[in-house]
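Reader: I would like a close look at the nonpolar core of this protein. Please set it in the context of the whole chain and follow a few residues in detail.

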Amino acid sequence: MKRQCGMLLPIASLPSKYGIGTFSKEAYDFVDMLQKAGQSLWQILPIGPTGYGDSPYQSFSTFAGNPYFIDLEQLIEKGFLTEEECDSCDWGNSSDEVEYDKIYNSRFKILKKAFKRYPVSDDSDLKEFYDKNSYWLDDYALFMAIKDSKGGKCWSEWEESIRLRQPDAIAKYESRLSEDIEFYIFVQYIFNKQWMALKKYANEKNIKIIGDIPIYVSFDSVDVWANPELFQLDENHMPTAVAGCPPDAFSADGQLWGNPLYDWEYHKSTGYRWWIDRLKALFEIFDIVRIDHFRGFDAYYSIPYGETTAINGHWEQGVGIDLFLNIKKELGDAEIIAEDLGYVTDTVKQLLLDTGYPGMKLLQFAFDSREAGCYMPYDYPRNCVVYTGTHDNDTVVGWYKNFSDDDRKLAKTYLNNYYTPEDQIHWDYICCALATVADTCIIPVQDYLGLGSEARINIPSVSSGNWKWRMKNDAFTPEIIEKIHNLAEIYGRC
């Protein structure tokens, strides 16, 4: 593989109009900037529809797209909305942060106006989209329509007949909510149409899109409601155990994610059909896919359902290489990045070698004495992706100010940057990452911009206040773009 580099920026963080980043002109401008800066990769976060907590890693569907990302300005241009209608909605008052409560209350109202004006029955492209995706779209549209009719309640709180998907109940809700079901199909069509146009534009500029998927799905999702056999559930379709991480130096109680765990024996009996369909759909909308928490395929942490912390969990054997052999059989040599951060056992290392997927290296971990394993840059293999940090880390500037004196001393000694001005310190770490032998280097946008902790995307185990940061318009000056391009050239990644 050639040496390459790119940037990490979530769609939500783009400086689009109407309160949140979308597939708008600003997204196309960002692609243009990537090209000018000598970049060939744009990594984003999961783009599924989000629920309570607004985490892209807790989605209502593993196949659907987030309606928040639909560009309303394109709908205005096509006459399905007016500028006055969009401007009259309350999208929040901040250009620096997403105000999700305002987005939630306004986005669906305005999209329903567009839906009522759209010639749904006359659009052959919409019909073609539906025919191709009905295998997941029917269940998703019904699920969301029922959820709306019940005030957003989790499906586990629905009455037993529809919670357990009894045929009479399914038929009743399909009839009663037919217009709402059509609306959700329409929304997914518009999402897909706009996203694929943006991806095509990026690809024409020689920019590949790196998508991101969580290993697990949310309990309150159509995936679990419609396919209970895929998960470790009891006869009432409630989890028997849930996912998380054990206690470590970063969290005394561990992390209780709450996602239902897979019934791997059932998956194996189907030839891993659901996983193959999932990845096949993802590779239609992304060029490369990063799978979060890769070690969960080797061994997963199982926490009894009902626990309030992760302390009483235990490790279980995962599916191993068998899943990936089946994936390769159907998808060939698909480009997958394995998120293998944290404590990595010998068996996880072997699984990574057996798959041939590149793992991840974080420069921040190299100098953090709390982090197990060796992340020193001199130890990186070529077949890996190096980052200064990810969405779960502080920015380089914020991290540098907040870590211990001993760790800072180690970092300064390694980089020999005792005399670098503090407001320029991020460039030393960017250059260190770019200079490594790693085939691929991804730098979060916030690090290129030298932003502090105020620009952090997520703090793991903190349930509120995350996923809000947005980039300012024109944040990348011509001087910064030129500097980034020069560095990409100097380090052989342009």
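Author: Of the 494 residues in this predicted model, 57% count as buried. The protein has 19 helices and 12 strands. Its radius of gyration is 23 Å, close to the 23 Å that the globule rule gives for 494 residues, so the protein is as compact as a globular protein of that length. Along the principal axes, the C-alpha atoms fill a box of roughly 70 × 55 × 40 Å. Among contacts with a separation of 6 or more, 73% join residues 24 or more positions apart.

Now to the core itself. The largest nonpolar core has 168 residues. Phe 30, Trp 42, Trp 195, Trp 225, Trp 275, Phe 297 and Phe 476 are the residues with the most contacts inside this core. The element that gives the most to the core is helix H8, residues 178-204, with 12 residues. In soluble globular proteins, nonpolar side chains tend to be buried together.

Phe 476 serves as a first example. Leaving aside neighbours within four places in sequence, Phe 476 is in contact with Met 7, Phe 30 and Met 33. Its other partners, counted in that way, are Val 445, Tyr 448, Leu 449, Met 471, Ile 481 and Ile 484. Phe 30, one of these partners, is itself listed among the residues with the most contacts inside the core.

Phe 297, also on that list, leads to another residue, Phe 324. Phe 324 touches Phe 294, Phe 297, Leu 351, Thr 355 and Tyr 357, not counting residues up to four places away in sequence. Phe 324 lies in helix H12, residues 321-331. Its relative accessible area is 4%, under the 20% limit, and therefore Phe 324 is buried. Between Phe 324 and Ser 464 there are 35 Å in space, C-alpha to C-alpha, and the two are 140 residues apart in sequence.

A serine can be set beside these residues. Ser 302 is found in strand E7, residues 299-304. Ser 302 counts as buried because its relative accessibility is 4%, which is under 20%. With neighbours within four places in sequence left aside, Ser 302 is in contact with Ala 241, Val 242, Leu 261, Gly 313, His 314 and Glu 316.

Last, the surface and the charges. The accessible surface of the protein comes to about 21300 Å², and 49% of this belongs to carbon and sulfur atoms. The protein has 49 positive and 76 negative charges, and the mean positions of the two sets are 2 Å apart.

Notes: Residues are numbered from 1 along each chain as its sequence is written. This is a predicted model: local features need pLDDT of at least 70, side-chain atom pairs count only at pLDDT 80 or more; totals for chains, interfaces and linings use all residues. Side-chain values use heavy atoms; hydrogens and water are left out. A nonpolar core is a set of buried Ala, Val, Leu, Ile, Met, Phe, Trp, Tyr and Cys residues joined through side-chain atoms within 4.5 Å. Buried means under 20% relative accessible area, exposed over 50%, partly exposed in between (1.4 Å probe, protein chains only). Helices (H or I, at least four residues) and strands (E, at least two) are DSSP runs, numbered from the N terminus. Contact means heavy atoms within 4.5 Å. The radius of gyration is taken over C-alpha atoms; the globule rule is 2.2 Å times the number of residues to the power 0.38. Accessible areas come from the Shrake-Rupley method with a 1.4 Å probe; for residues, only the protein chains shown count as cover. Lys and Arg count as positive and Asp and Glu as negative; His and the chain ends are not counted. The place of a charge is taken as NZ of Lys, CZ of Arg, CG of Asp or CD of Glu.
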